[in-house]
Protein chains: 2
Amino acid sequence: MAAKQPVAIVFDTFGSVVDWRTSLITDLTAYGASRGITADWPALVDAWRAAYHPSMDRVRHGQQPWTKLDGLHRESLDRLVAGFGIKDLTEDDLVHINLGWHRLKPWPDAVPGLTRLKSRFIIGPLSNGNVSLLLNMAKFAGIPWDMIFGSDLFGHFKPDPETYLGVGKLLDLRPDQVMMAAAHNGDLAAARSCGLLTAFFPRPSEYGPLQKRDYQADQDWDIVATDIQDMASQLGV
Amino acid sequence: MAAKQPVAIVFDTFGSVVDWRTSLITDLTAYGASRGITADWPALVDAWRAAYHPSMDRVRHGQQPWTKLDGLHRESLDRLVAGFGIKDLTEDDLVHINLGWHRLKPWPDAVPGLTRLKSRFIIGPLSNGNVSLLLNMAKFAGIPWDMIFGSDLFGHFKPDPETYLGVGKLLDLRPDQVMMAAAHNGDLAAARSCGLLTAFFPRPSEYGPLQKRDYQADQDWDIVATDIQDMASQLGV
């Protein structure tokens, strides 16, 4: 059993718990076909995700007021649809496509691993997604969270410390009683700088052919696992 | 099936989902016996609950800054322990007793009824309890909430409208897509004035011999049920 046992474990979600790229490409390709709209959906998905960090950075650096991730996704989508020259999308289509982020599918180990962890620990997403996005995703995918730590609870996106420290404030726990789990070394570095415990597992196909980093642990994280099932085993559940 | 179907259903917790009075009397009586401390624990529990609304009203009316319910409970407990002349309680004892509100047991219909409702609706507590209290209670009692709407998310106690309206803001739902469910007519009246749907079920033994009201519905609530199982049946799940 790992030496340091947390009370609560919070998970990065996009990429760490759910496979956003495959899910969105599959979802949008099928939707485009059903609507008779032709587009390079995989390229749109990759460009959409590439707009993710810059859009949050505009909020984090004060160039844009607080906006839920659903709103940032929609702003990026509108710009990309125009840039890709995709025609004939109605407002209903755009709403449906934007809510594709609420319909992401978990990696195969995620739900069984989280179910094991839930038996001993408080578990929740600590994601840049808003509460409604993360909750709809949980209902859609059967993810058994105890609590949804959406970024709108804190009015901050990761890696702002208000997010990592906000979990302990809501749960009345010290930072070192909370473990951040993610497939992204950068997320864990920010969490560790706030005093949280850390757990890493790789998702080497998250970005498909565009993956450039996070094939392995960059630091001596408290847990380094192969996936969430292995993480549960290392925590003794 | 009931005509008006919500997307999310939020539940009053103390008295509506959990039997605070029997739980606390049982818990404190056993704890006192194990510590060799004699007291009129049932009277302490009733006095503690009687201090609940006045303590929140001090916050709601600006006489005291925002304080989590755990903190208000502790302030009331300290005053009552002195008033009742209970001796020999250590700080650890007082912490344990105060966390008795995290160890409340559900009414027998609550967990099976909520489990049914969860299959179709988003469910959560909308309680004056703080997130940590409600989450620890859920873990202790096996209550399958999707999300914990603690009063500390809003910085307000019911019946302030920020609580009832705050649920829809977090879930991106209109007020009439959210149903408030409670054993207390006053809670439902406040929710209805904010535009929420309403569901009532009585808990005629909540206050034991001190019960004075809420034996039946005072208004034509959208659902009037005998308990949460019946409420699920009326909603067609």
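The centres of domain 1 and domain 2 of chain A, taken over C-alpha atoms, lie 23 Å apart in this predicted model. Domain 1 of chain A is built from two stretches, 8-19 and 105-234, while domain 2 of chain A covers 20-102. Where the two meet, 21 residues of domain 1 of chain A are in contact with 14 residues of domain 2 of chain A. The side contributed by domain 1 of chain A is mixed in character, with eight nonpolar, eight polar and five charged residues.

Turning from the domains to the pair of chains, a rotation of 180 degrees, with 0.0 Å of shift along its axis, places chain B on chain A with an RMSD of 0.0 Å. This is the relation of a two-fold axis. Within chain B, the C-alpha nearest the axis belongs to M147(B), at 2.5 Å from it. Both copies use the same surface, since 100% of the contact residues of chain B recur in chain A.

The interface itself can be described from the side of chain B. Here 14 residues of chain B are in contact with 14 residues of chain A. Two helices of chain B, α7 (131-141) and α8 (161-171), each supply at least two residues of the side that touches chain A. The largest share of that side, five residues, comes from α7(B). By class, the side of chain B that touches chain A holds nine nonpolar residues, one polar residue and four charged residues.

Helix α8 of chain B also holds G166(B), which invites a look at the surroundings of this glycine. G166(B) counts as buried because 20 C-beta neighbours lie inside 10 Å. Leaving aside residues up to four places away in sequence, G166(B) touches L153(B) and F154(B). H156(B) is 10 residues from G166(B) in sequence, and the C-alpha atoms of the two are 9.8 Å apart in space.

D78(B) offers another local view, this time in helix α4 (residues 69-84) of chain B. With 13 other C-beta atoms within 10 Å, D78(B) is partly exposed. Along the sequence, D78(B) and F149(B) are separated by 71 residues, and their C-alpha atoms are 27 Å apart in space.

Chain B also contains an open sheet of five strands, in the order β2-β1-β3-β4-β5 and with parallel pairing. The edges are formed by β2 (122-125) and β5 (223-224) of chain B; each has a single partner strand, so one side of each is left without a neighbour in the sheet. At the β2(B) edge, four bridges join β1 (residues 8-11) of chain B to β2(B), and the two run parallel. In this pairing F11(B) stands opposite P125(B) in β2(B). The residues of β2(B) alternate in direction: I122(B) and G124(B) point one way, I123(B) and P125(B) point the other way, and all are buried. Thus P125(B), the partner of F11(B) across the strands, belongs to an edge strand whose named residues are buried on both faces.

Further along the sheet, β3 (residues 178-182) of chain B is joined by four bridges to β4 (residues 197-200) of chain B, again in parallel. Across this pair, A181(B) stands opposite A199(B) in β4(B).

Conventions: Residues are numbered from 1 along each chain as its sequence is written. Chains are lettered from A and ligands numbered from 1 in the order in which they are written. This is a predicted model: local features need pLDDT of at least 70, side-chain atom pairs count only at pLDDT 80 or more; totals for chains, interfaces and linings use all residues. Two residues are in contact if their C-beta atoms, placed from the backbone, lie within 7 Å. Ala, Val, Leu, Ile, Met, Phe, Trp, Tyr, Cys and Pro count as nonpolar, Asp, Glu, Lys and Arg as charged, and the others, Gly among them, as polar. Two strands pair if DSSP finds at least two bridges between them. Domain bounds come from an automatic or database domain assignment. A residue is buried if 20 or more other C-beta atoms lie within 10 Å of its own, exposed if 12 or fewer, and partly exposed in between; C-beta atoms are placed from the backbone. Copies are superposed by least squares on the C-alpha atoms of residues with pLDDT of at least 70 in both.
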